[in-house]
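Biologist: Thanks for sitting down with me. Could you walk me through this model?

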Amino acid sequence: MKVVALVSGGKDSCYAMMKCIQYGHQIVAVANLLPADDSVDELDSYMYQTVGHQIIVSYAECMGVPLFRRRIQGSTRHQKLSYQKTPGDEVEDMFILLNEVKKQIPSVTAVSSGAIASDYQRLRVESVCSRLGLVSLAFLWKQDQSLLLQEMITNSIMAITVKVAAMGLDPSKHLGKEIAFLQPYLHKLKDLSGINVCGEGGEYETLTLDCPLFHNARIVLDEFQVVLHSSDSIAPVGVLHPLKFHLERKASHSLSGNDKTNDLCRENISSVSEVQGENPKECKSPGEHVPEVSDLIEVSSHRLHISKTEKDNTFSLCCWLQDPSGASAGLQEDLKLILRQIELQLVGYGLSWEHVLYIHLYISDMDQFTQANETYVRFITQDKCPFGVPSRSTIELPLIQASLGRAYVEVLVANDQSKRVLHVQSISCWAPSCIGPYSQATLHKDILHMAGQLGLDPPTMTICDGGSTAELEQALQNSEAIAECFKCSISTSTILFVVYCSTNIPLDERPKIHDKLDTFVNQLKLSYLDKDTKLDVLDPIFLYILVPDLPKRALVEIKPILHVPDTAETPEETFCELSSTVAPSSFGFQPVEWHDSCIQKCVIHGKICVVVLSITSEVAMKICSGSMNADWSNGNHQNSFTENQIKRISRFCIYLLDKTVLENGFSWKDTMSLRLYIPQNLHVPLETISSLFEEAFKELDQMKGGAKVGGKPFFNLVPVLGAGRSAACTEDIITCELFARKY
């Protein structure tokens, strides 16, 4: 990509440019914001470093690329973490500056910044980039600061301190010193008082006088003045005010990969432009309007179907099209109808898209992912979700074969706004970016819902080489990076790992997938236990789903769900023994020892109960032993079931789920979601299976009064190619995934 780099003069923005080139991008311009008054060194700004701005004018000549500058007119007016366009805010100066760069150099598609740890700065750069249709590149984001500082020094960044403001840093001693000289002392201060060695806490600021990008000249500071802003005896604050400097020419050389930049900008080499003007009007594409109910009456009465769990404060809402005749108008039209219906349902509950925590987007053909996304982003926008956009996983399912149209959407909804969303749109070395209205993870009431993670190499956003196990390992590393942002680990806090496996995985690779997952999690767990032997560790459930395809033709996608308690709480996993108050038998079933082998569960006492029930062929034979024919007894079944056999299996599933939930102190009213994964080769229509489960729930309700299903189905029926406890064995007849929680 052609990149304009935001530069403050500091070491971070310069090293970020070097990382851009390392990953194959081209720096075609640099952009800088400076005080309106040349005599002012520093502004009261959380957004911009301006100390040393008098020297930045030389960067154009040093690098051989055009420099665009704008004097800051605004101030800090929008003080919330997530930024929204605010007239008079200093962020609007960045918008005007980058908008002008885009006009002057239309080939620019990305913006580089040196953000390392400040969400405040990153979110504002991302907001401006989103408005301008540019990609944010933040290759230093969340990187270890000690390693970063060493890398900068090793890679010949010669930067001096131009501001100090921390205990142990003395303006008279430490201003004007090179970072290589100060590095040992900074690490000493880190050990003593916990400072950020890269200065991310405002401990110090730097000015780069030379680096490999300066292939024309280096800057020599001839004279400067130390200006004391605070003479505090513990942490005095001082800045370096440049008085005189000159450029020292270099022998011609360039950093590998930047020659194209020089060719591109030859006509504008060394040019400096000052950007004037006000905020231009922005053209925003309109989102979808909420349709009138009458818009959907014809479709709803024949094809649209809804399911919803009955929990009031957090519930699952699912919508699909029953399409036995194959009369679908296409994926985009189907998805538009479904999203409109969900929008209407939310409005009916007094809610909106901002209350959605997570979205499962199922489509019939991954080749149409782009078209699906185009429709999706017209409904779910950042403007509609001021508290953060939902996390999302996108999977191809055999929807057409199951007569469910071309799109199927499930949303998890909360009736409060206490969610905490992690949405990093910048491309970085940290974890894959989410460029658009879907986020990496959403934390709500101690449950972390993580977006489906592919084996993407974060800085290049390409699927890693090496096959399914290599992709899985990279996806797990990406998941761990996200978990660390919530001060937890997938190895100790995961309740449930759902692993989507593409049919493109060779058969001989599939047995290795669970081994890789198990090894990775256990090794990571040991590293955490070495640091904290008192750490509480959950024993997660593993569920593997076989699907036709995944985004970017990935072989594996992993979706972890974690328990992240408040720091004041202690997570407590319990494996409850059968109590004396065992749930009464129902549907004629009695407790048998082999029933336990069907169940995986993770229970956090009084809070969370997650159950995965697997009905294998062997289990199905035991359930239906009285109705199996000779072919079954000889093993020639191939998932061929009669409707009566499925009826009995459905009642067994509900009986065993009911028993497990009640034994662990939960009820059906605590259910947030219940998915039934049905393999395509079951040879019983999904509509029939749905009816059988609805009837079973109504019977349970009549027997016990514990499973109110209201006017809608209580569960989501998900057609898949297979499901099971390992990637090597995804041959369950039916798999039930139940998630219940108490508040």
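Modeller: Gladly! Contact here means heavy atoms within 4.5 Å. Helices (H or I, at least four residues) and strands (E, at least two) are DSSP runs, numbered from the N terminus. This is a predicted model, so to speak: local features need pLDDT of at least 70, side-chain atom pairs count only at pLDDT 80 or more, and totals for chains, interfaces and linings use all residues. Residues are numbered from 1 along each chain as its sequence is written, and side-chain values use heavy atoms, with hydrogens and water left out.

Biologist: Which elements do the buried residues of α19 pack against?

Modeller: Helix α19 covers residues 686-704 and spans 27 Å between its first and last C-alpha, close to the 27 Å expected at 1.5 Å a residue (that is, 1.5 Å times one less than its number of residues). Its buried residues (under 20% relative accessible area, 1.4 Å probe, protein chains only) include L686, F693 and L700. They contact α18 (643-663), β28 (671-679), β29 (716-720) and β31 (734-741).

Biologist: Within what arc do the buried residues of α19 fall, seen down its axis?

Modeller: An α-helix has 3.6 residues a turn, so residues three or four places apart point the same way. In α19, I689, L692, A696 and L700 are among the buried residues. The buried residues line one face of the helix, because the directions from the helix axis to their C-beta atoms fall within an arc of 160°.

Biologist: Is S426 buried or exposed, and which side chain joins it through a polar contact of 2.6 Å?

Modeller: S426 sits in the loop between β16 (420-422) and β17 (441-444), and at a relative accessible area of 1% it is buried. Contacts beyond four places in sequence are with R122, E126, S136, A138 and S433. A polar contact is a pair of N or O atoms within 3.5 Å; within protein, one must be able to donate a hydrogen and the other to accept it, and residues adjacent in sequence count only if both atoms are side-chain atoms. The side chain of S426 makes one of 2.8 Å with E126, and the one of 2.6 Å is with S136.

Biologist: How much space lies in the largest cavity?

Modeller: On a 1 Å grid over the protein atoms alone, a cavity is a set of points where a 1.4 Å probe fits but cannot get out, and lining residues have an atom within 4 Å of a point. The structure holds 1 cavity of 30 Å³ or more. Its lining has 16 residues, with H360, L412, H449, I561 and R675 nearest the centre, and β28 and β31 are among the strands that each supply at least two of them. Its volume, the space filled by probe spheres set on grid points joined across faces, edges and corners, is about 160 Å³.

Biologist: Where does M461 lie?

Modeller: M461 is not a glycine, yet its phi is positive, at about 55°. With a relative accessible area of 17%, M461 is buried. Its place is the loop between β20 (456-457) and β21 (462-463).

Biologist: What is the relative accessibility of K552?

Modeller: K552 also has a positive phi, about 60°, although it is not a glycine. The residue is in the loop between β23 (541-547) and β24, a strand that runs over 556-563. K552 counts as exposed (over 50%), because its relative accessibility is 52%.

Conventions
1 Å grid on protein atoms, 1.4 Å probe; cavity = no way out; pocket = protein on both sides within 12 Å on 5 of 7 lines; lining within 4 Å.
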